[in-house]
Amino acid sequence: MRIPSPRARLAQLGFREPSRAAACLEELPDAWRGTGRTALVEAAARAADPDTAIEWAVRLERAGVSLDEALADAGSLESLLRVLGGSIGIAEHLERHAEDLDVAARPMPPAPAERYVDSLLESVDASAGIARKPRDEAIAAMRGRYRRHLTELVAWDLGLDDPAASVDVVSAALADLAAAALEAGLAIARAAARERYGEDADRVRLAVVAMGKTGARELNYLSDVDVIWVHEADGVEDPRATQIATLLARETTAACAQFQKAPPLWEVDANLRPEGKDGALTRTLASHVAYYERWAKSWEFQALLKARAVAGDAELGTAYEAAVRSKVWESSSREGFVESVQRMRERVSEHIPADEVARQLKLGPGGLRDIEFTVQLLQLVHGADDESVRQRGTLEALDALAELGIIGRADRDEFSAHYRFLRVLEHRIQFWRMRRTHLMPVEPDELRRLARSAGLPDADALTERWQAVRRAVRSLHERLFYRPLLGAVASLGHDDVRLTPEHAAKRLEASGYADARGALGHIAELTGGVTRRAQIQRLLLPVLLGWFAEGVDPDMGLLAFRRLSEALGESPWFLRMLRDSPVAARRLTRLLSSSRLIGSLMERIPEAASWLDGDEQLRPRSEESLREEAAAVLARHRDDREALRTALRSLRRREHLRVAMASALQRIDESTVGVALTAIAAALVDAALTLHTPEGLRLATITLGRTGGREIGFGSDIDVMHVAVGEGDPIAVATTVIRKVQETLADPTLPFELDAALRPEGRQGPIVRTLESYRAYYERWSEPWEAQALLRARPFAGDAELAAELMAIIDERRYPQELPAAAAREVRRIKARVESERLPKNADRRRHLKLGDGALSDVEWLVQLLQLQHAGHEPSLRTPSTLEALAAAARADLISDRDAEILREAWSLATRIRNGLALARARTIDVLPNDRTELEAVARLIGMPARSALALEEHYLAVTRRSRRVFDRLFYDA
Amino acid sequence: MDKQRDFVLRTIEERGVKFVRLWFTDVLGTLKSVAIAPAEVEGAFTEGLGIDGSSIEGLSRSSEADVIAKADPSTFQVLPWRGEIDPTARMFCDIATPDGQPAAADPRHVLKRTLAKAADLGFSFYTHPECEFYLLKSADVHHPEPVDRAGYFDNVPGGTAHDFRRASVRMLEDIGISVEFSHHEAGPGQNEIDLRYADALSTADNIMTFRTVVKEVAIQEGVYATFMPKPFEGQPGSGMHTHMSLFEGERNAFHDPAGQYQLSKVGRQFVAGLLHHAPEFTAVTNQFVNSYKRMWSGDEAPSYVSWGHNNRSALVRVPLSKPNKAQSARVEYRGLDSAANPYLAFSVLLAAGLKGIEEGYELPEEATDDVWALSDRERRALGFTPLPASLDRALQHMEESELVAETLGEQVFEYFLRNKREDWQRYRAQVTRVELESNLLSL
């Protein structure tokens with residue numbers, strides 16, 4: 001057997017840079033050679049970072065710190081090197097404070113809180129709560145003593161076999177130590193106050209109430225210490241009393257945080273006090289109480305959850321605790337609670353720099369804050385009824401919630417373990433350099449050190465475990481908050497959660513459900529029974545409930561989901577899709593909680609849920625394939641009129657739903673919506689015409705208006721004009737056919753109106769004419785405005801040749817070589833009159849999406865006037881599409897690019913809002929809503945972020961103001 | 001905030017206040033007031049007070065008739081003029097919609113929003129207005145007569161005006177507004193009160209208070225005060241020259257010891273913004289038909305877009321700040337008149353200045369001559385364009401302004417234009433004395 005060289009041996013032992021370690025060892029004094037050196041190397045090899053451990057051992061020795069005593073005992077040596085290889089921060093402290101070497105070498109379990117207090121008071125030579133050492137000396141002594149105890153704690157922490165099991169003990173000791181520092185700081189402050197104010201200073205009592213992690217006794221190694229100051233004066237009047245109290249608070253803070261030769265301990269943060277930064281630094285108890293009674297916001301109560309008197313006047317501190325605690329537990333019934341909880345939840349993931357998201361232990365999805373948020377929310381919701389959940393600490397609260405049966409014990413065990421694991425990592429990352437950080441390292445060596453420090457074999461094991469924990473924590477909110485709701489409505493037998501219906505209702509209200517009872521009913525229906533569907537829904541619903549709660553109308557979403565689920569029954573694909581495709585489930589909840597139209601259509605076409613799995617099925621179908629399908633339907637059901645009607649109807653509903661979903665999910669824009677809806681209408685009218693037109697009659701339908709331009713929205717009427725030729729009395733026959741077509745296509749759920757009002761002579765004229773009749777009419781009677789209506793004419797359905805013949809007649813009229821000035825004037829005059837007459841009574845002309853200022857009809861009239869004037873000699877203008885014609889006009893320099901863009905933006909926005917409104921409300925609405933909830937719904941459906949109601953309103957008004965100015969100038973000033 | 005609420009409740013108790021007036025301002029700049037009992041004050045802070053918005057100019061959309069007035073406790077003051085018998089206090093309010101959002105048409109909100117925009121760029125905005133007004137012998141609108149004919153108060157026997165001055169200053173100081181008071185040299189019965197430099201929101205609140213106090217004191221003294229921009233032909237109009245500065249934290253952003261007149265680059269860009277956009281926002285700073293009679297009367301009101309140093313004919317004046325007084329660096333906009341809605345006027349001035357900074361506008365050449373004394377051709381050659389000649393022209397300019405629309409918000413913008421066009425229509429419909437005198441008999 002070969003004896004390995006010293007360097008190879010070092011490498012074997014886990015040193016990363018054996019040469020450097022060997023060089024270090026060379027520097028050691030003679031006394032260390034031989035067995036001493038072997039012991040040293042072996043001890044270092046057990047440290048998290050062996051190289052650093054050796055390096056620092058040598059460095060200490062060189063600095064004159066004798067390690068001899070530690071060397072004498074194997075246990076001591078091991079402990080010391082664990083500290084040197086686990087915390088450079090402590091190693092640096094030892095370099096300056098050799099006297100603390102003993103505690104690093106002989107770890108002791110954390111002491112009770114009183115011992116820390118006694119020790120730190122003793123360090124400043126306090127008597128009756130007043131420091132007798134001079135200020136600066138006292139501060140240095142106090143900080144030195146604090147660090148001695150900190151060293152003790154790190155040494156003990158690093159020596160633990162299972163640090164996670166004791167992470168709560170460490171955190172509590174850190175909080176106790178911080179409290180002791182505040183107590184000693186106050187003693188220093190008292191000395192200063194007496195100097196300044198004499199005996200009056202002693203008549204002002206001051207209590208330090210810790211908040212946040214200090215209050216909850218779950219402090220980090222390095223964190224701000226959150227406090228609130230309370231004072232009470234006995235026989236000293238204001239303002240003197242407040243001045244004294246303020247001085248005490250300031251000086252205590254300075255003792256801990258001011259820059260001095262001995263480095264500060266941590267920041268003392270008093271910003272959680274009433275009124276935050278702007279408020280008085282300290283208040284009397286009565287003033288605190290008055291504040292919380294009157295003005296406090298819900299989130300301030302969440303902070304109070306952790307309040308604990310930690311230093312100063314104990315009686316006053318206890319009185320404060322008692323006074324505010326009752327207030328905390330009324331907060332979930334306060335106004336604005338839901339909103340403030342939602343904001344809080346958003347804050348959990350806000351403001352994290354993108355490059356840090358993946359490394360954050362604390363913030364972001366799957367971080368410590370996620371656990372804390374859910375636990376605190378559960379406490380606020382349930383704490384009003386159950387005193388036992390009124391715990392300050394996260395782990396204690398988890399225990400209490402499980403004890404009470406409102407979360408599961410298995411969940412408690414799991415998340416407690418996750419919480420402990422994350423805190424162990426956080427502690428080790430922090431005490432490595434005694435820096436305040438929550439970021440996981442990235443370098444492999446750093447990861448390895450962290451892994452060893454936390455008792456894991458290597459970097460891979462660490463990364464794997466951490467990712468698993470993050471994944472689990474991400475689902476925590478659903479599992480702890482929503483899942484137990486299921487237990488409240490059905491006895492599931494195997495679970496130990498016993499949530500009462502009252503509990504459950506409160507949780508639902510806290511997350512934004514307006515009708516919690518109704519929602520519970522839906523949950524009961526969805527999860528009751530032993531079917532496979534119920535089983536899977538029990539699994540999924542907790543997640544879905546959270547997603548619905550993020551929508552505009554969670555109640556509507558849940559109800560629609562229930563209907564959908566009932567309609568789909570045991571269809572295995574549906575549940576599988578929800579379970580296996582997070583995208584589909586997310587989309588489904590979003591659609592159902594924001595669009596009434598989609599909810600009601602899905603109730604009839606539940607299988608549409610299957611389209612959500614990807615984008616393939618959300619692509620609108622081409623007119624050609626729709627016509628083919630309609631023809632096939634016709635062929636199948638020619639003998640059964642009722643079955644045929646039903647089949648055509650469901651074809652139309654289904655395709656509408658597809659377009660609606662695609663639009664609400666921002667997969668297609670408003671132009672594509674127009675094209676798709678027009679294609680559906682055309683295919684159906686064509687099928688119905690084919691069905692009803694008898695032998696010997698030729699019948700064609702052309703379309704006008706927005707359908708002509710393929711620019712309709714959900715719920716738009718279809719403008720049409722019919723032409724017929726045939727033997728006998730073709731007009732009479734055709735009139736009957738058209739009536740039958742309308743009957744066939746009628747649908748009460750999704751109205752389908754064929755509007756022939758734009759035909760010659762309007763409502764007075766016959767519904768259908770022969771070619772000759774059209775020709776004669778246009779030759780004799782045609783007014784300029786009728787030519788205008790024809791601009792958007794286009795063959796639509798029925799006999800294509802006949803339609804083409806009619807179009808030829810129309811083409812002769814609609815693109816005159818020259819528009820006489822008088823005709824242009826007439827068009828302008830008609831528009832001016834229409835503006836004042838057609839707008840519905842009481843309608844606000846700034847908000848009417850169709851006829852209002854700068855809205856659809858303004859843009860269309862302007863484009864049509866340009867077409868009438870120029871299409872005769874500019875063929876590119878000959879298109880039924882408003883936007884195409886507008887673009888062509890800009891290309892032909894008939895209108896500036898800038899003006900064209902302003903008009904296009906207004907037209908598109910108005911169209912988009914009309915579509916959004918139709919999706920939200922399942923009917924056609926032509927006015928921008930005033931109601932902010934409705935505006936919010938529309939804003940989301942057209943793809944704006946949450947809380948954009950006001951922005952949408954302001955945007956629409958600005959865009960149409962600009963387009964109105966352009967219209968005014970170009971249309972009327974010619 | 002809450003310290004202030006406590007202070008309000010305590011003061012009401014201690015001073016035995018019987019009524020609290022909630023003040024707010026409509027779009028046109030008229031002060032509105034609702035009185036409530038002390039017991040309702042707490043509610044006015046938390047829930048606010050429901051008022052019928054449809055009865056207030058421009059405040060609410062027709063469909064949203066109810067608005068909520070939420071008292072701002074930092075503006076609480078006991079009103080001195082009610083005496084100790086029935087003590088009354090006032091607070092300014094913010095107007096909100098029933099769901100708690102700021103009402104789009106609350107001028108105070110318009111200013112707050114613009115100030116927030118400045119804050120986003122790191123600036124706070126300070127103003128110092130000099131308000132002129134006339135004291136009249138009575139409220140006779142057909143034959144208005146100033147209280148005196150002389151230049152200086154002290155030369156006037158009889159004492160009415162003297163008492164008025166003393167009473168106003170004391171009352172304003174009682175209400176926490178410290179002022180400098182002077183009699184104007186030029187106009188008989190014309191006075192000027194300078195408000196202290198303060199942040200623009202406080203100054204605007206103070207202007208509203210100050211107008212009320214002056215009118216109240218005048219009535220007590222048996223005279224009448226008017227802020228009409230041009231009440232007398234042949235006498236100077238009442239302007240409200242306003243000094244402005246931007247601060248970045250503690251530092252005056254307009255000051256640069258190396259700059260011309262110690263004006264910093266930011267200051268120059270701010271002035272450039274004011275000049276560039278002045279024609280667009282003149283309808284806001286000079287909002288009445290009558291405003292244009294002050295502007296175009298040929299005397300001291302500036303009517304051409306120009307800037308200068310110690311040039312009283314320029315629209316914007318840049319005084320020299322003393323080297324040891326960096327904090328006092330400022331620019332003075334001389335176009336504003338005393339009848340402007342201060343919230344909206346400060347908003348557009350600030351927005352124009354900020355635009356100049358954001359876009360880096362270049363400042364044109366300084367006007368060193370007396371701009372009024374130049375001929376039209378000379379002014380054209382020098383690039384001093386005229387401000388709008390009438391309310392009608394001013395509205396045409398404003399209509400085209402993205403800056404003003406964005407600053408006021410679409411709804412105030414729309415309402416303001418509509419309302420002012422109606423004013424113009426009414427004015428144009430009348431047959432004036434001048435027409436009758438020159439045409440009736442001769443034609």
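How are α31(A) and α33(A) oriented to each other? This is a predicted model, and in it the axes of helix α31 (residues 623-637) and helix α33 (residues 670-692) of chain A cross at roughly 30°. An angle under 35 degrees counts as roughly parallel, and α31(A) and α33(A) are therefore roughly parallel to each other.

**The helix pair in chain A**

The two axes come within 9 Å, and α31(A) passes α33(A) in a right-handed crossing. On the side of α31(A), the contact is made by A:Glu623, A:Leu626, A:Arg627, A:Ala630, A:Ala631 and A:Leu634. Their partners in α33(A) include A:Ala679, A:Ile680, A:Ala683, A:Leu684, A:Ala687 and A:Leu691. By type, the residues of this contact are 11 nonpolar, one polar and three charged.

**A covered helix**

Helix α21 of chain A, residues 444-453, is mostly covered, with seven of its 10 residues buried. The buried residues are A:Leu447, A:Arg448, A:Arg449, A:Leu450, A:Ala451, A:Arg452 and A:Ser453. Among the elements that cover them are α20 (409-433) and α22 (459-474) of chain A. After α21(A) comes A:Gly455, which has a positive phi near 80°.

**Backbone exceptions in chain A**

Most residues other than glycine have a negative phi, and most peptide bonds are trans. Two residues of chain A that are not glycine have a positive phi, as listed here.

| Residue | Phi | Loop in chain A | C-beta atoms within 10 Å |
|---|---|---|---|
| A:Arg217 | near 50° | between α12 (212-215) and β4 | 24 |
| A:Asp893 | near 60° | between α41 (882-891) and α42 (897-921) | 8 |

Is each of these residues buried or exposed? A residue is buried if 20 or more other C-beta atoms lie within 10 Å of its own, and exposed if 12 or fewer do. A:Arg217 has 24 such atoms and is therefore buried, whereas A:Asp893 has 8 and so counts as exposed.

The peptide bond that joins A:Asp238 and A:Pro239 is cis, with omega about 5°. A:Pro239 lies in the loop between β4 (225-233) and α13 (240-257) of chain A.

**A leucine in a loop**

A:Leu758 is in the loop of chain A between β10 (754-755) and β11 (768-769). It has 18 C-beta neighbours inside 10 Å and so counts as partly exposed. Leaving aside residues up to four places away in sequence, A:Leu758 touches A:Leu704, A:Gly705, A:Asp719, A:Met721 and A:Ala789. A:Leu568 is 190 residues away from A:Leu758 along the chain, and their C-alpha atoms are separated by 44 Å.

**Chain B as a whole**

Chain B has 13 helices and 16 strands. Its C-alpha trace spans about 65 × 55 × 50 Å along the principal axes. How does the radius of gyration of chain B agree with that of a compact globule? For 443 residues, a compact globule would have a radius of gyration near 22 Å, and chain B has 22 Å, so the two agree. Of the 443 residues in chain B, 47% are buried. Among contacts in chain B with a separation of 6 or more, 71% are between residues 24 or more positions apart.

Notes: Residues numbered from 1 in each chain as written. Chains lettered and ligands numbered in written order. Predicted model: local features only at pLDDT ≥ 70, side-chain atom pairs only at ≥ 80, totals over all residues. Axes fitted to C-alpha atoms, helices over the stretch in contact; angles between N-to-C directions. Helix = DSSP H or I, 4+ residues; strand = E, 2+ residues; numbered from the N terminus. Parallel < 35°, antiparallel > 145°, perpendicular 65-115°, else oblique. Left-handed = near helix turned anticlockwise from the far one by under 90°. Contact = placed C-beta atoms within 7 Å. Nonpolar A, V, L, I, M, F, W, Y, C, P; charged D, E, K, R; others polar. Rg over C-alpha atoms; globule rule 2.2 N^0.38 Å.
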